[in-house]
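Thank you all for coming. I would like to walk you through one structure this morning, and I will put the sequence and the model on the screen before I say anything about them.

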Amino acid sequence: MADSPAPGEGPVRPVSVSLHEGTIAALKARTGKRGMSAYVEVLIQRQLERDRLRELIEDAETDHGPVDQAAVDAKRAILRGDTAGSVDAA
């Protein structure tokens, strides 16, 4: 059996989903009628990436224990460019 295409790959085909009317209205307002599928495709791909990242984090925590929140906060400060007052943030 051949491998399934990765998210964002393979032929495009229609599917049916149910959404609340308010969600549909907001989606149409943001994308117009013709941009809805592309917008939803990107949203789903992003969520799949986030789900996979969460799974990887859970696997790492199972293998190595929970992360040190102070270390996470220090790295976050570096990424935000807010390293003042943190000598050993790395």
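Let me begin at the surface, where Tyr39, Val40, Leu43, Ile44 and Leu48 make a nonpolar patch of about 380 Å². A patch here is made of residues with over 30% relative accessible area and no salt bridge, with like charges joined within 9 Å and nonpolar side chains (Val, Leu, Ile, Met, Phe, Trp, Tyr) within 5 Å. Accessible areas come from the Shrake-Rupley method with a 1.4 Å probe, and for residues only the protein chains shown count as cover. One of the patch residues, Leu43, lies in helix H2 and is partly exposed, with a relative accessible area of 36%; buried means under 20%, exposed means over 50%, and partly exposed is what falls in between (1.4 Å probe, protein chains only).

I should say at once that this is a predicted model, in which local features need pLDDT of at least 70 and side-chain atom pairs count only at pLDDT 80 or more, while totals for chains, interfaces and linings use all residues. Residues are numbered from 1 along each chain as its sequence is written, and side-chain values use heavy atoms, with hydrogens and water left out.

Stepping back to the whole protein, we find three helices and zero strands, which read along the sequence as α-α-α; helices (H or I, at least four residues) and strands (E, at least two) are DSSP runs, numbered from the N terminus. Of the 90 residues, 4% count as buried, and the accessible surface comes to about 8300 Å², of which 54% belongs to carbon and sulfur atoms.

Which residues lie closest to the centre of the largest pocket? This pocket holds about 860 Å³ of space, and of the 25 residues that line it, Arg13, Val15, Ser37, Glu41 and Ile44 are the closest to its centre. The elements that give two or more residues to the lining are helix H1 (21-31) and H2, and H2 gives the most, with ten residues. By class, the lining has 17 nonpolar, five polar and three charged residues. Ala, Val, Leu, Ile, Met, Phe, Trp, Tyr, Cys and Pro count as nonpolar, Asp, Glu, Lys and Arg as charged, and the others, Gly among them, as polar. As for the term itself, on a 1 Å grid over the protein atoms alone, a pocket is an open set of points where a 1.4 Å probe fits, with protein on both sides within 12 Å along at least five of seven lines, and lining residues have an atom within 4 Å of a point. Grid points are joined across faces, edges and corners, and the volume is the space filled by probe spheres set on them.

Finally, the charged pairs. A salt bridge is a side-chain nitrogen of Lys or Arg within 4 Å of a carboxyl oxygen of Asp or Glu, and by this rule there are two. In one, Arg52 meets Glu55 at 3.4 Å, N to O; both lie in helix H2 (residues 36-64), three residues apart, about one turn of the helix. In the other, the closest N and O atoms of Asp73 and Arg76 are 3.6 Å apart, and this pair lies in helix H3 (residues 69-80), also three residues apart.
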